[in-house]
Amino acid sequence: MALDPASSAATLSRFRKIGIIGIPPLAVIRAANDHGLVIHDLDEPLVREDLETASPFLPKVYCAILRTAVVNALHLELDAIYIDTGPGKCDGALHTATILAETLPIPVICTRNTDTAGFGFPLCQARLPLIARMQAITAGVKSAAPYSNPPPSCVPTAGFWGVPPRDFSILELFPDTTHIHGWTRCMENKTPADHDLEAEFNPEAPTVFFAQSFCAKTALARYLAKKHPHALYLDVDVHTTSSARAKVQAFLELSGVRP
Amino acid sequence: MILGDFGTSYCKFLDLDAPEAQPTIIATRELPRETRVDLATGHNGKRFACRYVNELIALARGGEAMIQEKDYVLLDCGSRDIKFIKYQNGKLADMGWNAECGASMGFTIELLERYYELDYAHLRVPEQTFSVTCGVLGMSDIFDAVISGVPVAEAVARFVKGIAINAYRFAGSPAKLYLSGGLCDNPLFVGSFPCQVTPLGRFVLLRGLEAEARQPRPPAIA
């Protein structure tokens, strides 16, 4: 089911608990907040179920985020799922929406988020542990409220470009002064389809260009890494492997980046 | 201070306190469990030392110590994985570590030599090659070639050349590369690279540890 943002928002009053995949338009999130709905971000691991339970519906060699979303959708009691299939997400989400709509007894509503009103991205530039900032940014997709008391920005010593990883443990390796770029910055800004913002990076800071394995963004990540004067391209699937950790650790240390 | 490079098939040691000491080597399967060193690298290293340097850092430090140029590619081919460091203008420019798709290449080369009772020193570099991305999967090509009438030695040589070409591409297809690891002693492997190769031997990571030990740096981010 594909609806415009206003219609998508209007249907929300019938529900109590919804799941979101990607970032639905702000009008949808605002309406969900206004109706006091519980929102589950299905892109994050929420249930203790094996990722293999997604395999009857999606290939094993597929984006780990979407496989996670399917596992969540199968095991959480939801009234509806809002899945963004616009330019701020991917074709993978579009096909996943088709499969979920046929599999689940609840409405699966496709949205196209083309929001352009930027909320800013203070967390991306703050001096705080990277994991905590990533958690706050991903949690932020469930709220339409403007940011209050944004933290001050810092001078970056490193950069992390990309989407929030399926496995946050890779983020432990970065210093607190790491600036976040890429789609994560678009997330905080609440403009997930802003491709210009997504492609921005800081050539002065050694940067890891991260993408989930089997995601279309691997092409952009590798392309930008080649343009950046001091970069590491990295793709990781479900879990952070020891070699991926070692690459990040070596890249930062050999680049002179200190905790 | 004792340094240890704990590899999948072989462990290498160097005692910095012993004057004129040379590195020693032991098969990993013969390593005493109670072994302890002061500074370790290698995928088994964390179990044997209180201070650990990851293999890419050890490789990079070894390259810095052994290579006088500012622009170079250093490729390490181990039993289990392949990894490379690229420097430009004396600074890190690229790196890679293939522990999954490049799995078990060195291990498989050694295994095949013993199984087929070959001597790589006497095998010539073949004209043809297999497209090899993994040691285990690549063995199927050998069996298929032998079934079709290709002599075993020729089939194994094509396999070894395929591994060398795969490693060369993984390192970015440079015109020249420095080679690290036990395969430096394999003339068939070294001769199979389609570029200029300078073998540095199997103790490059130990040299990297030595550099780390002699010039202590703040601990790595971890």
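**Exercise 1.** In this predicted model, decide whether Asn89(B) is buried or exposed.

*Solution.* Counting the other C-beta atoms within 10 Å of Asn89(B) gives 7, and because a residue with 12 or fewer is classed as exposed, Asn89(B) is exposed. The next step is to place the residue in its chain: Asn89(B) sits in the loop between β6 (82–88) and β7 (91–98) of chain B. The last step turns to the backbone, where Asn89(B), although not a glycine, has a positive phi of about 55 degrees. As background to that value, most residues other than glycine have a negative phi.

**Exercise 2.** Determine where Lys190(A) is placed, and whether Lys190(A) counts as buried or exposed.

*Solution.* Lys190(A) belongs to the loop between α6 (183–189) and α7 (195–198) of chain A, and its phi, near 60 degrees, is positive in a residue other than glycine. For the second part, the threshold for a buried residue is 20 or more other C-beta atoms within 10 Å; Lys190(A) has 26 such neighbours and therefore counts as buried.

**Exercise 3.** Which residues does Pro192(A) touch, leaving aside those up to four places away in sequence?

*Solution.* Begin with the position, since Pro192(A) also lies in the loop between α6 and α7 of chain A. With 24 C-beta neighbours inside 10 Å, Pro192(A) counts as buried. Its contacts, with the sequence neighbours excluded as stated, are Ile23(A), Gly88(A), Asn113(A), Trp183(A), Cys186(A) and Met187(A). A separation along the chain can then be set beside one in space: Gly36(A) is 156 residues apart from Pro192(A), and their C-alpha atoms are separated by 24 Å.

**Exercise 4.** Describe the largest nonpolar core and follow one of its residues, Leu232(A), through its contacts.

*Solution.* The core has 136 residues, and those with the most contacts inside it are Ile81(A), Phe209(A), Leu232(A) and Leu75(B). Helix α4 (residues 152–170) of chain B gives the most to this core, namely 9 residues, while domain 1 (5–111) and domain 2 (123–254) of chain A each supply at least three. Beyond four places in sequence, Leu232(A) touches several residues, including Phe209(A), Phe251(A) and, in the other chain, Met95(B).

**Exercise 5.** How many residues of chain A are in contact with chain B, and which helix of chain A gives the most to that side?

*Solution.* The contact involves 16 residues of chain A and 13 residues of chain B. Helix α9 (residues 242–254) gives the most to the side of chain A, with 9 residues. Sorted by type, that side divides into 9 nonpolar, 4 polar and 3 charged residues. For the confidence of the prediction, the model scores ipTM 0.79 and pTM 0.86, and chain B averages a pLDDT of 89, with 94% of its residues scoring at least 70.

Conventions: Residues are numbered from 1 along each chain as its sequence is written. Chains are lettered from A and ligands numbered from 1 in the order in which they are written. This is a predicted model: local features need pLDDT of at least 70, side-chain atom pairs count only at pLDDT 80 or more; totals for chains, interfaces and linings use all residues. A nonpolar core is a set of buried Ala, Val, Leu, Ile, Met, Phe, Trp, Tyr and Cys residues joined through C-beta atoms within 7 Å. Helices (H or I, at least four residues) and strands (E, at least two) are DSSP runs, numbered from the N terminus. Domain bounds come from an automatic or database domain assignment. Two residues are in contact if their C-beta atoms, placed from the backbone, lie within 7 Å. Ala, Val, Leu, Ile, Met, Phe, Trp, Tyr, Cys and Pro count as nonpolar, Asp, Glu, Lys and Arg as charged, and the others, Gly among them, as polar. pLDDT is the predictor's confidence in each residue, from 0 to 100.
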